[in-house]
Amino acid sequence: MAIKTKTPRWLSACRQSFAAVALLALASFMGVAHAGYAAIVISESDGQVLTAVNPDEPNRPASLAKMMTLYLTFQQLESGQIKIDQELPVSAWAAGRPPTKLDLRHGQTISVGDCILGMITKSANDAATVVAEGLGGSEGHFVEMMNAQALKLGMTGTHFENASGLPDPDDSTTARDMSKLAMALYHDFPQYTHYFATTEFMFRGRLVRGHNNLMERYPGMDGLKTGFTNASGFNLASTAVRDGHRLFSVVLGGRTAAARDNLMARLLDDGFEDRATPDYLVARAGGATGTGTAQKILTALSPIGTAEAEPAPVPERHHRRGKVGKASAVASNSCTKRKGATCPAAAKRTAAKKTSSAHSQQAQANAEAVAKKPTKTDT
(Lines give C-alpha, C1' and ligand atoms only; values in the text may rest on other atoms or scores of the structure.)
Protein backbone atom coordinates (compact mmCIF):
# COMPACT_ATOMS: atom_id res chain seq x y z
CA MET A 1 0.00 0.00 0.00
CA ALA A 2 1.35 3.36 -0.98
CA ILE A 3 2.12 5.69 1.87
CA LYS A 4 0.88 9.24 1.36
CA THR A 5 2.96 12.10 2.67
CA LYS A 6 1.51 15.51 3.30
CA THR A 7 3.45 18.45 1.87
CA PRO A 8 3.62 21.36 4.33
CA ARG A 9 1.43 24.26 3.22
CA TRP A 10 4.31 26.74 3.34
CA LEU A 11 6.46 24.55 1.08
CA SER A 12 3.66 24.12 -1.42
CA ALA A 13 3.12 27.89 -1.51
CA CYS A 14 6.82 28.48 -2.09
CA ARG A 15 6.88 26.03 -4.97
CA GLN A 16 3.86 27.64 -6.57
CA SER A 17 5.36 31.11 -6.19
CA PHE A 18 8.65 30.02 -7.72
CA ALA A 19 6.87 28.38 -10.65
CA ALA A 20 4.85 31.52 -11.30
CA VAL A 21 7.91 33.77 -11.16
CA ALA A 22 9.85 31.39 -13.40
CA LEU A 23 7.09 31.46 -16.00
CA LEU A 24 7.00 35.26 -15.91
CA ALA A 25 10.77 35.34 -16.26
CA LEU A 26 10.69 32.98 -19.21
CA ALA A 27 8.00 35.12 -20.86
CA SER A 28 10.07 38.24 -20.33
CA PHE A 29 13.05 36.49 -21.88
CA MET A 30 11.32 35.82 -25.18
CA GLY A 31 12.50 38.28 -27.82
CA VAL A 32 14.90 40.00 -25.44
CA ALA A 33 18.66 40.15 -25.88
CA HIS A 34 20.68 38.20 -23.33
CA ALA A 35 24.41 37.87 -23.06
CA GLY A 36 25.78 34.95 -24.96
CA TYR A 37 29.17 34.70 -26.59
CA ALA A 38 29.90 36.05 -30.04
CA ALA A 39 32.92 37.07 -32.10
CA ILE A 40 33.74 38.35 -35.56
CA VAL A 41 36.92 39.32 -37.42
CA ILE A 42 36.82 41.30 -40.67
CA SER A 43 39.57 42.36 -43.06
CA GLU A 44 39.32 46.06 -43.91
CA SER A 45 40.83 45.76 -47.38
CA ASP A 46 38.23 43.44 -48.90
CA GLY A 47 35.55 43.07 -46.23
CA GLN A 48 36.26 39.34 -45.90
CA VAL A 49 34.87 37.77 -42.72
CA LEU A 50 37.72 35.67 -41.31
CA THR A 51 35.97 34.38 -38.18
CA ALA A 52 32.30 34.55 -37.27
CA VAL A 53 30.78 32.86 -34.23
CA ASN A 54 27.17 33.79 -33.41
CA PRO A 55 27.71 37.10 -35.27
CA ASP A 56 23.99 37.90 -35.59
CA GLU A 57 22.79 36.76 -32.18
CA PRO A 58 21.29 39.61 -30.08
CA ASN A 59 23.43 40.78 -27.20
CA ARG A 60 23.78 43.81 -24.96
CA PRO A 61 26.07 46.57 -26.27
CA ALA A 62 27.07 47.96 -22.84
CA SER A 63 29.53 50.81 -23.42
CA LEU A 64 30.11 49.85 -27.04
CA ALA A 65 27.03 52.07 -27.46
CA LYS A 66 29.36 55.01 -26.92
CA MET A 67 30.90 54.24 -30.30
CA MET A 68 27.69 55.55 -31.86
CA THR A 69 27.70 58.55 -29.52
CA LEU A 70 31.24 59.24 -30.76
CA TYR A 71 30.21 58.71 -34.40
CA LEU A 72 27.55 61.44 -34.10
CA THR A 73 30.01 63.68 -32.25
CA PHE A 74 32.57 63.35 -35.04
CA GLN A 75 29.82 63.95 -37.58
CA GLN A 76 28.93 67.30 -36.02
CA LEU A 77 32.58 68.26 -35.59
CA GLU A 78 33.19 67.61 -39.27
CA SER A 79 30.16 69.66 -40.31
CA GLY A 80 31.19 72.56 -38.08
CA GLN A 81 28.09 72.37 -35.90
CA ILE A 82 30.28 72.06 -32.81
CA LYS A 83 33.93 72.81 -31.97
CA ILE A 84 36.41 70.57 -30.20
CA ASP A 85 37.01 73.23 -27.50
CA GLN A 86 33.34 74.14 -27.16
CA GLU A 87 32.08 73.98 -23.59
CA LEU A 88 28.92 71.96 -22.95
CA PRO A 89 26.75 72.37 -19.83
CA VAL A 90 26.42 69.56 -17.28
CA SER A 91 22.81 68.91 -16.30
CA ALA A 92 21.63 67.28 -13.09
CA TRP A 93 20.63 64.22 -15.14
CA ALA A 94 24.12 63.91 -16.64
CA ALA A 95 25.86 64.45 -13.30
CA GLY A 96 23.69 61.75 -11.72
CA ARG A 97 24.64 58.98 -14.17
CA PRO A 98 26.08 55.86 -12.47
CA PRO A 99 29.83 55.11 -12.65
CA THR A 100 32.12 54.98 -14.27
CA LYS A 101 32.22 58.71 -14.72
CA LEU A 102 34.37 61.83 -14.62
CA ASP A 103 32.49 62.99 -11.50
CA LEU A 104 31.04 66.01 -13.29
CA ARG A 105 28.84 68.33 -11.22
CA HIS A 106 25.56 69.98 -12.12
CA GLY A 107 26.21 73.53 -13.34
CA GLN A 108 29.73 72.86 -14.55
CA THR A 109 30.82 72.82 -18.18
CA ILE A 110 33.14 70.45 -20.01
CA SER A 111 34.71 70.69 -23.45
CA VAL A 112 33.72 68.45 -26.33
CA GLY A 113 37.33 67.23 -26.50
CA ASP A 114 37.35 66.16 -22.85
CA CYS A 115 34.01 64.39 -23.33
CA ILE A 116 35.51 62.42 -26.23
CA LEU A 117 38.56 61.41 -24.20
CA GLY A 118 36.43 60.61 -21.16
CA MET A 119 34.20 58.29 -23.18
CA ILE A 120 37.10 56.50 -24.88
CA THR A 121 39.35 56.02 -21.85
CA LYS A 122 37.22 55.80 -18.72
CA SER A 123 33.98 55.06 -20.57
CA ALA A 124 32.45 57.97 -18.67
CA ASN A 125 28.68 57.79 -18.57
CA ASP A 126 28.27 61.39 -17.43
CA ALA A 127 30.37 62.63 -20.37
CA ALA A 128 28.28 60.60 -22.82
CA THR A 129 25.08 62.12 -21.43
CA VAL A 130 26.50 65.65 -21.63
CA VAL A 131 27.27 65.10 -25.31
CA ALA A 132 23.83 63.60 -25.95
CA GLU A 133 22.08 66.59 -24.41
CA GLY A 134 24.41 69.08 -26.05
CA LEU A 135 24.05 67.64 -29.55
CA GLY A 136 20.47 66.39 -29.41
CA GLY A 137 18.81 68.89 -27.09
CA SER A 138 17.82 65.96 -24.91
CA GLU A 139 19.12 62.44 -24.48
CA GLY A 140 15.84 61.08 -25.81
CA HIS A 141 16.17 62.94 -29.09
CA PHE A 142 19.85 62.04 -29.34
CA VAL A 143 18.94 58.35 -29.00
CA GLU A 144 16.58 58.76 -31.95
CA MET A 145 19.55 60.15 -33.89
CA MET A 146 21.65 57.14 -32.82
CA ASN A 147 19.06 54.64 -34.02
CA ALA A 148 18.52 56.50 -37.30
CA GLN A 149 22.26 56.45 -37.99
CA ALA A 150 22.44 52.77 -37.08
CA LEU A 151 19.91 52.00 -39.81
CA LYS A 152 21.90 54.09 -42.30
CA LEU A 153 24.96 51.98 -41.52
CA GLY A 154 23.04 48.73 -41.98
CA MET A 155 22.99 47.88 -38.28
CA THR A 156 19.64 46.14 -38.53
CA GLY A 157 20.08 44.13 -35.33
CA THR A 158 20.82 47.13 -33.12
CA HIS A 159 18.62 49.33 -30.96
CA PHE A 160 19.94 51.92 -28.52
CA GLU A 161 18.04 53.25 -25.51
CA ASN A 162 20.61 55.69 -24.14
CA ALA A 163 23.87 57.36 -25.13
CA SER A 164 26.10 55.53 -22.66
CA GLY A 165 25.11 51.86 -22.82
CA LEU A 166 23.83 51.80 -19.25
CA PRO A 167 21.56 48.76 -18.72
CA ASP A 168 18.17 48.91 -20.39
CA PRO A 169 15.93 45.95 -21.29
CA ASP A 170 15.42 47.32 -24.81
CA ASP A 171 19.12 47.70 -25.69
CA SER A 172 20.31 45.21 -28.29
CA THR A 173 23.11 44.73 -30.79
CA THR A 174 25.13 42.05 -32.57
CA ALA A 175 28.82 41.43 -33.14
CA ARG A 176 28.35 42.01 -36.87
CA ASP A 177 26.61 45.34 -36.29
CA MET A 178 29.33 46.55 -33.96
CA SER A 179 31.98 45.65 -36.53
CA LYS A 180 30.08 47.75 -39.09
CA LEU A 181 30.09 50.69 -36.68
CA ALA A 182 33.80 50.27 -35.91
CA MET A 183 34.71 50.24 -39.60
CA ALA A 184 32.45 53.24 -40.29
CA LEU A 185 34.23 55.26 -37.61
CA TYR A 186 37.61 54.64 -39.24
CA HIS A 187 36.36 55.03 -42.80
CA ASP A 188 34.18 58.13 -42.30
CA PHE A 189 36.30 60.06 -39.77
CA PRO A 190 39.99 59.20 -40.23
CA GLN A 191 40.96 62.61 -38.84
CA TYR A 192 39.52 61.67 -35.43
CA THR A 193 40.54 58.03 -35.10
CA HIS A 194 43.71 58.93 -33.21
CA TYR A 195 41.47 59.48 -30.18
CA PHE A 196 40.80 55.75 -30.00
CA ALA A 197 44.48 55.12 -29.26
CA THR A 198 44.31 57.21 -26.08
CA THR A 199 44.94 55.16 -22.96
CA GLU A 200 45.09 58.03 -20.44
CA PHE A 201 44.68 61.79 -20.30
CA MET A 202 44.86 64.69 -17.86
CA PHE A 203 41.52 66.07 -16.71
CA ARG A 204 41.39 68.98 -14.30
CA GLY A 205 44.67 68.11 -12.65
CA ARG A 206 44.21 64.36 -12.36
CA LEU A 207 45.23 61.46 -14.53
CA VAL A 208 42.34 59.51 -16.03
CA ARG A 209 43.35 56.00 -17.03
CA GLY A 210 41.63 53.82 -19.61
CA HIS A 211 40.10 50.34 -19.36
CA ASN A 212 41.52 48.89 -22.56
CA ASN A 213 44.48 46.96 -21.14
CA LEU A 214 44.98 45.01 -24.37
CA MET A 215 46.02 48.22 -26.13
CA GLU A 216 49.31 48.09 -24.22
CA ARG A 217 49.83 44.34 -24.76
CA TYR A 218 49.07 43.88 -28.43
CA PRO A 219 51.44 45.74 -30.80
CA GLY A 220 49.62 47.26 -33.73
CA MET A 221 46.34 47.75 -31.88
CA ASP A 222 45.19 51.38 -32.04
CA GLY A 223 41.54 51.31 -30.87
CA LEU A 224 38.57 51.01 -30.19
CA LYS A 225 36.33 50.47 -27.12
CA THR A 226 35.58 48.29 -24.11
CA GLY A 227 32.25 47.59 -22.47
CA PHE A 228 30.81 45.71 -19.54
CA THR A 229 27.58 45.24 -17.64
CA ASN A 230 26.48 42.18 -15.71
CA ALA A 231 23.89 41.61 -18.43
CA SER A 232 26.30 41.91 -21.35
CA GLY A 233 29.42 40.24 -20.06
CA PHE A 234 32.78 41.67 -21.13
CA ASN A 235 32.65 43.24 -24.60
CA LEU A 236 35.45 44.60 -26.77
CA ALA A 237 35.71 46.16 -30.22
CA SER A 238 39.29 46.31 -31.52
CA THR A 239 41.26 47.23 -34.59
CA ALA A 240 44.90 46.48 -35.30
CA VAL A 241 47.40 46.82 -38.15
CA ARG A 242 50.13 44.41 -39.16
CA ASP A 243 52.30 44.93 -42.25
CA GLY A 244 49.85 47.50 -43.54
CA HIS A 245 46.90 45.13 -43.19
CA ARG A 246 44.10 46.31 -40.86
CA LEU A 247 41.61 44.02 -39.13
CA PHE A 248 38.49 44.84 -37.14
CA SER A 249 37.24 42.45 -34.47
CA VAL A 250 34.43 42.34 -31.92
CA VAL A 251 33.99 40.06 -28.91
CA LEU A 252 30.71 40.03 -26.97
CA GLY A 253 29.84 38.20 -23.77
CA GLY A 254 33.28 37.39 -22.38
CA ARG A 255 33.06 35.79 -18.94
CA THR A 256 36.02 37.85 -17.63
CA ALA A 257 38.09 40.76 -18.88
CA ALA A 258 41.14 38.48 -19.14
CA ALA A 259 39.28 35.81 -21.12
CA ARG A 260 37.90 38.46 -23.46
CA ASP A 261 41.30 40.08 -24.01
CA ASN A 262 43.09 36.80 -24.61
CA LEU A 263 40.41 35.73 -27.07
CA MET A 264 40.72 39.04 -28.93
CA ALA A 265 44.48 38.60 -29.21
CA ARG A 266 43.98 35.07 -30.60
CA LEU A 267 41.32 36.27 -33.05
CA LEU A 268 43.63 38.96 -34.40
CA ASP A 269 46.63 36.63 -34.56
CA ASP A 270 44.60 34.09 -36.52
CA GLY A 271 43.17 36.80 -38.72
CA PHE A 272 46.59 38.14 -39.67
CA GLU A 273 47.55 34.55 -40.54
CA ASP A 274 44.40 34.36 -42.70
CA ARG A 275 42.79 31.56 -40.75
CA ALA A 276 39.63 31.19 -38.67
CA THR A 277 39.71 30.89 -34.89
CA PRO A 278 38.09 27.61 -33.70
CA ASP A 279 34.56 28.03 -32.38
CA TYR A 280 35.34 26.21 -29.15
CA LEU A 281 37.90 28.86 -28.18
CA VAL A 282 35.27 31.56 -28.54
CA ALA A 283 32.82 29.48 -26.49
CA ARG A 284 35.42 28.90 -23.79
CA ALA A 285 36.06 32.64 -23.42
CA GLY A 286 32.33 33.33 -23.30
CA GLY A 287 29.70 32.06 -20.93
CA ALA A 288 28.57 35.30 -19.28
CA THR A 289 25.12 33.80 -18.68
CA GLY A 290 24.96 30.55 -20.60
CA THR A 291 22.36 29.56 -23.15
CA GLY A 292 20.34 26.76 -21.54
CA THR A 293 16.64 27.30 -20.80
CA ALA A 294 17.10 26.96 -17.05
CA GLN A 295 20.00 29.37 -17.11
CA LYS A 296 17.97 31.89 -19.13
CA ILE A 297 15.19 31.75 -16.53
CA LEU A 298 17.65 32.33 -13.70
CA THR A 299 19.25 35.13 -15.70
CA ALA A 300 15.93 36.91 -16.13
CA LEU A 301 15.24 36.56 -12.40
CA SER A 302 18.56 38.04 -11.38
CA PRO A 303 19.13 41.71 -10.52
CA ILE A 304 21.36 43.78 -12.78
CA GLY A 305 24.57 45.59 -11.99
CA THR A 306 25.59 49.01 -13.19
CA ALA A 307 27.71 49.62 -16.23
CA GLU A 308 31.32 50.55 -16.55
CA ALA A 309 33.63 50.32 -13.59
CA GLU A 310 37.26 49.42 -13.62
CA PRO A 311 38.52 45.81 -13.43
CA ALA A 312 41.86 44.87 -11.99
CA PRO A 313 44.73 45.04 -14.51
CA VAL A 314 45.22 41.86 -16.51
CA PRO A 315 48.68 40.39 -15.82
CA GLU A 316 48.64 37.75 -18.56
CA ARG A 317 50.93 38.27 -21.53
CA HIS A 318 50.05 37.08 -25.01
CA HIS A 319 52.81 35.84 -27.30
CA ARG A 320 52.40 37.01 -30.87
CA ARG A 321 53.86 35.97 -34.17
CA GLY A 322 55.27 38.02 -36.99
CA LYS A 323 55.83 41.73 -37.41
CA VAL A 324 53.40 44.36 -36.30
CA GLY A 325 52.78 47.92 -37.38
CA LYS A 326 53.11 50.89 -35.08
CA ALA A 327 50.03 52.01 -33.20
CA SER A 328 48.74 55.49 -33.90
CA ALA A 329 49.84 58.28 -31.60
CA VAL A 330 47.52 59.04 -28.71
CA ALA A 331 45.59 62.27 -28.48
CA SER A 332 47.76 65.30 -27.94
CA ASN A 333 46.54 65.99 -24.42
CA SER A 334 47.22 62.50 -23.07
CA CYS A 335 49.87 62.08 -20.41
CA THR A 336 52.57 59.46 -20.97
CA LYS A 337 56.10 58.86 -19.68
CA ARG A 338 57.45 58.93 -23.21
CA LYS A 339 56.54 62.58 -23.43
CA GLY A 340 58.38 63.29 -20.21
CA ALA A 341 55.24 64.45 -18.49
CA THR A 342 54.86 64.15 -14.75
CA CYS A 343 51.53 62.51 -14.16
CA PRO A 344 49.86 62.73 -10.73
CA ALA A 345 48.65 59.60 -9.07
CA ALA A 346 45.32 58.39 -10.32
CA ALA A 347 42.33 59.15 -8.13
CA LYS A 348 40.92 56.26 -6.15
CA ARG A 349 38.44 54.32 -8.17
CA THR A 350 34.91 54.35 -6.87
CA ALA A 351 32.68 51.33 -6.72
CA ALA A 352 29.78 51.24 -9.13
CA LYS A 353 26.42 52.17 -7.64
CA LYS A 354 23.00 51.07 -8.71
CA THR A 355 21.02 54.10 -9.82
CA SER A 356 17.78 53.81 -11.67
CA SER A 357 14.16 54.92 -11.68
CA ALA A 358 11.52 52.58 -10.25
CA HIS A 359 10.45 51.70 -13.78
CA SER A 360 13.97 50.80 -14.87
CA GLN A 361 14.53 48.72 -11.76
CA GLN A 362 11.40 46.67 -12.43
CA ALA A 363 12.24 46.16 -16.10
CA GLN A 364 15.82 45.29 -15.30
CA ALA A 365 14.83 42.77 -12.62
CA ASN A 366 12.58 41.00 -15.12
CA ALA A 367 14.71 41.15 -18.23
CA GLU A 368 18.38 41.65 -17.40
CA ALA A 369 20.96 39.04 -16.61
CA VAL A 370 23.54 38.21 -14.02
CA ALA A 371 24.91 34.70 -13.98
CA LYS A 372 27.99 35.47 -11.97
CA LYS A 373 28.79 38.95 -10.70
CA PRO A 374 32.42 40.06 -11.06
CA THR A 375 33.99 41.61 -8.00
CA LYS A 376 34.32 44.87 -9.88
CA THR A 377 31.97 46.20 -12.50
CA ASP A 378 33.12 47.36 -15.91
CA THR A 379 35.82 47.77 -18.37
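**View 1. Phe-201 faces Val-208 across a hairpin in this predicted model.**
Start with the spot where Phe-201 stands opposite Val-208, a residue of strand 6. Strand 5 and strand 6 (residues 206-209) run antiparallel to each other, and 4 bridges pair them up. As a general point, side chains in a regular strand alternate between the two faces of the sheet. Now look at the turn: this hairpin has 2 residues between the strands, and Arg-204 takes a positive phi near 50° there.

**View 2. Tyr-71 and Phe-189 meet edge-to-face.**
The structure holds 9 aromatic pairs. In the pair made by Tyr-71 and Phe-189, the ring centres are 4.9 Å apart and the planes sit at 75° to each other, an edge-to-face arrangement. Why does this pair deserve a look along the chain as well? Tyr-71 belongs to helix 2 (residues 66-79), while Phe-189 is in the loop between helix 7 (175-188) and strand 5 (200-203), so the pair ties together parts that are 118 residues apart in sequence. Are the two residues buried or exposed? Tyr-71 is buried, and Phe-189 is buried too.

**View 3. Phe-74 and Tyr-192 make a stacked pair.**
Here the ring centres of Phe-74 and Tyr-192 are 5.0 Å apart with an angle of 20° between the planes, so this pair counts as stacked. Once again distant parts of the chain are linked: Phe-74 comes from helix 2 and Tyr-192 from the loop between helix 7 and strand 5, 118 residues apart. Phe-74 and Tyr-192 are both buried. Zoom out a little and you'll find a cluster of rings linked by pairs: Tyr-71, Phe-74, Tyr-186, Phe-189, Tyr-192, Tyr-195, Phe-196 and Phe-248.

**View 4. Arg-97 holds its charged end over the ring of Trp-93.**
This one is a charge meeting a ring. The charged end of Arg-97 is 3.6 Å from the centre of the Trp-93 ring, and it sits over that ring.

**View 5. Met-68 sits among the best-connected members of the largest nonpolar core.**
The largest nonpolar core has 59 residues, and the ones touching the most other members are Met-67, Met-68 and Phe-74. Which residues does Met-68 contact, once we ignore its neighbours within four places in sequence? They are Met-146, Gln-149, Ala-150, Leu-153, Met-155, Phe-160 and Leu-181. There is also a second, separate core of 22 residues, with Leu-236, Leu-247, Ala-259 and Ala-265 among them.

**View 6. Helix 4 is tucked into the structure.**
How many of the residues in helix 4 (residues 112-121) are buried? The count is 10 of the 10, so the helix is largely enclosed by the rest of the structure. If you want to tick off a few, the buried residues include Val-112, Asp-114, Cys-115, Leu-117 and Thr-121.

**View 7. Ser-123 and Asn-54 both have a positive phi.**
Most residues other than glycine have a negative phi. Ser-123 isn't a glycine, yet its phi is positive at about 55°. Look for Ser-123 just after helix 4, in the loop that leads to helix 5 (125-136). Its relative accessibility is 0%, so Ser-123 counts as buried. Asn-54 also has a positive phi, near 50°. Asn-54 lies in the loop between strand 2 (49-53) and helix 2. With a relative accessibility of 31%, Asn-54 counts as partly exposed.

**View 8. Cis peptide bonds turn up at Pro-99 to Thr-100 and at Gly-223 to Leu-224.**
Most peptide bonds are trans. The bond joining Pro-99 and Thr-100 is cis, with omega about 5°. Thr-100 is part of the loop between helix 3 (92-95) and strand 4 (109-111). The bond joining Gly-223 and Leu-224 is cis as well, with omega about 15°. Leu-224 is found in strand 7 (residues 221-229).

**View 9. The whole chain puts the close-ups in context, with 11 helices and 9 strands.**
Of the 379 residues in the chain, 54% are buried. Take the contacts between residues at least 6 apart in sequence: 72% of these join residues at least 24 apart. The chain exposes about 17000 Å², and carbon and sulfur atoms supply 54% of that area.

Terms used:
Residues are numbered from 1 along each chain as its sequence is written. This is a predicted model: local features need pLDDT of at least 70, side-chain atom pairs count only at pLDDT 80 or more; totals for chains, interfaces and linings use all residues. Side-chain values use heavy atoms; hydrogens and water are left out. Buried means under 20% relative accessible area, exposed over 50%, partly exposed in between (1.4 Å probe, protein chains only). Rings of Phe, Tyr and Trp (its six-membered ring) pair if their centres lie within 6.5 Å; planes under 30 degrees apart count as stacked, over 60 as edge-to-face and the rest as tilted. A charge sits over a ring if NZ of Lys or CZ of Arg is within 6 Å of the ring centre and within 35 degrees of the ring normal. A nonpolar core is a set of buried Ala, Val, Leu, Ile, Met, Phe, Trp, Tyr and Cys residues joined through side-chain atoms within 4.5 Å. Contact means heavy atoms within 4.5 Å. Two strands pair if DSSP finds at least two bridges between them. Accessible areas come from the Shrake-Rupley method with a 1.4 Å probe; for residues, only the protein chains shown count as cover.
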